[in-house]
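Dear colleague,

Please find below the sequence and the structure that I am handing over to you. My findings follow directly after them.

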Amino acid sequence: MVGIGGSPRPDSTAERALLVVLAEAERQGAEVTCIGGAELVMPLYDPREGLRSARALRLVSEIAAADGLVLASPAYHGSISGLVKNALDHVEELRDDARPYFSGRAVAGLAVAQGWQGGVSTLAALRDVTHALRGWPTPLGVVVNTAVAGFGPDGACTDPDVQRRLETMATQVVDFARMYVLGSTARDADDAKSSPTARDAAGAESLSPVGK
């Protein structure tokens with residue numbers, strides 16, 4: 001699972017919330033990576049230029065290898081921050097990948113705002129982008145309203161209900177990823193059984209002498 005988001009400010013609330021989700025996913029057996037806000041500072045995406053910066057290359061590589069994603073953004077004027085949106089624009093480089101864009105991945109959305117209105121609209125924008133990139137938004141998205149909740153020295157949210165929602169969202173991503181991987185394995189096995197080579201081998205076996 002790859003967590004993406006935050007702000008350039010070290011130890012931002014969005015990044016701390018993101019780390020709670022990733023910590024719960026790791027507790028459940030997932031291998032996790034966090035690409036925090038400071039690591040998302042990169043040139044504006046230009047499809048004519050391709051990927052040049054090391055940060056952009058790492059971002060796209062981590063997403064391509066992921067089975068699940070968590071997107072976290074502070075609310076900037078009621079929507080996704082420019083920093084996070086630019087990072088998501090780089091996913092265009094996966095258009096020709098075996099799993100294009102966010103295909104086959106559960107994507108959790110997490111918004112942080114000082115108030116509900118900006119947080120809810122930012123979460124909706126994250127879910128819209130996930131749909132556009134062919135991802136599967138988790139049933140639960142989370143808004144952290146910093147007017148009433150924060151994070152303590154231990155990393156946990158000061159509001160137990162928000163902490164529980166963040167952990168539930170992690171569970172949904174992990175569960176979907178496991179189901180998708182198992183389903184893909186089963187589909188691959190069925191495809192192998194129904195391939196012409198497999199059918200020819202089965203036919204040859206049925207004609208082989210018996211009772212040696």
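**Arg99 and its salt bridge**

With a relative accessibility of 18%, Arg99 counts as buried, since buried means under 20% relative accessible area. Please keep in mind throughout that this is a predicted model.

Arg99 is also one side of a salt bridge: its side chain meets that of Asp67, with 3.5 Å from N to O. Asp67 is located in the loop between H2 and S3, while Arg99 belongs to the loop between helix H3 (82–89) and S5, so this contact ties together parts that lie 32 residues apart in sequence. Unlike the buried Arg99, Asp67 is partly exposed, at a relative accessible area of 33%. A further group should be mentioned here: Glu92, Glu93, Arg95 and Asp96 are joined into one network by salt bridges that share partners.

**Other charged pairs**

As a general point, side chains of opposite charge can pair when their charged atoms come close. How many salt bridges are counted in this model? The count comes to 12.

One of these pairs is formed by the side chains of Glu39 and Arg58, at 2.8 Å from N to O. This pair links distant parts of the chain, for Glu39 sits in the loop between S2 and helix H2 (54–65), Arg58 sits in helix H2, and the two are 19 residues apart. Glu39 is partly exposed, with a relative accessible area of 33%, and Arg58, at 33% relative accessibility, also counts as partly exposed.

Another salt bridge brings together the side chains of Glu49 and Arg52, again with 2.8 Å from N to O. Are these two residues buried or exposed? Glu49 counts as partly exposed at 41% relative accessibility, whereas Arg52 reaches 67% and counts as exposed.

**Strand S3 and its partners**

I turn now to the strands, beginning with S3, which covers residues 68–76. Seven of its nine residues are buried, so S3 is largely enclosed by the rest of the structure.

Which strands pair with S3? Strand S1 (residues 2–5) runs parallel to S3 and is joined to it by four bridges; within this pairing, Gly5 stands opposite Ala72. Strand S5 (residues 106–113) is likewise paired with S3 in the parallel sense, over seven bridges, and here Pro74 of S3 faces Val112 of S5. Strand S4 (residues 79–80), by contrast, runs antiparallel to S3, and two bridges join them. Tyr76 has Ser79 in S4 as its bridge partner.

S3 and S4 form a hairpin with two residues between the strands. One residue of this hairpin, His77, takes a positive phi near 55°.

**Strands S1 and S2**

S1 has a further partner besides S3: strand S2 (residues 33–36) pairs with S1 in the parallel sense over four bridges. In this pairing, Val2 stands opposite Thr33 in S2. What do S1 and S2 make together with helix H1? With helix H1 (residues 13–27), the two strands make a right-handed β-α-β unit.

When you open the structure, I suggest that you begin with S3, which is paired with S1, with S5 and with S4. You may then turn to the salt bridge between Asp67 and Arg99.

With kind regards

Methods: Residues numbered from 1 in each chain as written. Predicted model: local features only at pLDDT ≥ 70, side-chain atom pairs only at ≥ 80, totals over all residues. Heavy atoms only, no water. Buried < 20%, exposed > 50% of the residue type's maximum accessible area, 1.4 Å probe, protein only. Pairing = 2+ DSSP bridges. Right-handed = clockwise from strand over helix to strand, strands pointing away. Salt bridge = Lys/Arg side-chain N within 4 Å of Asp/Glu carboxyl O.
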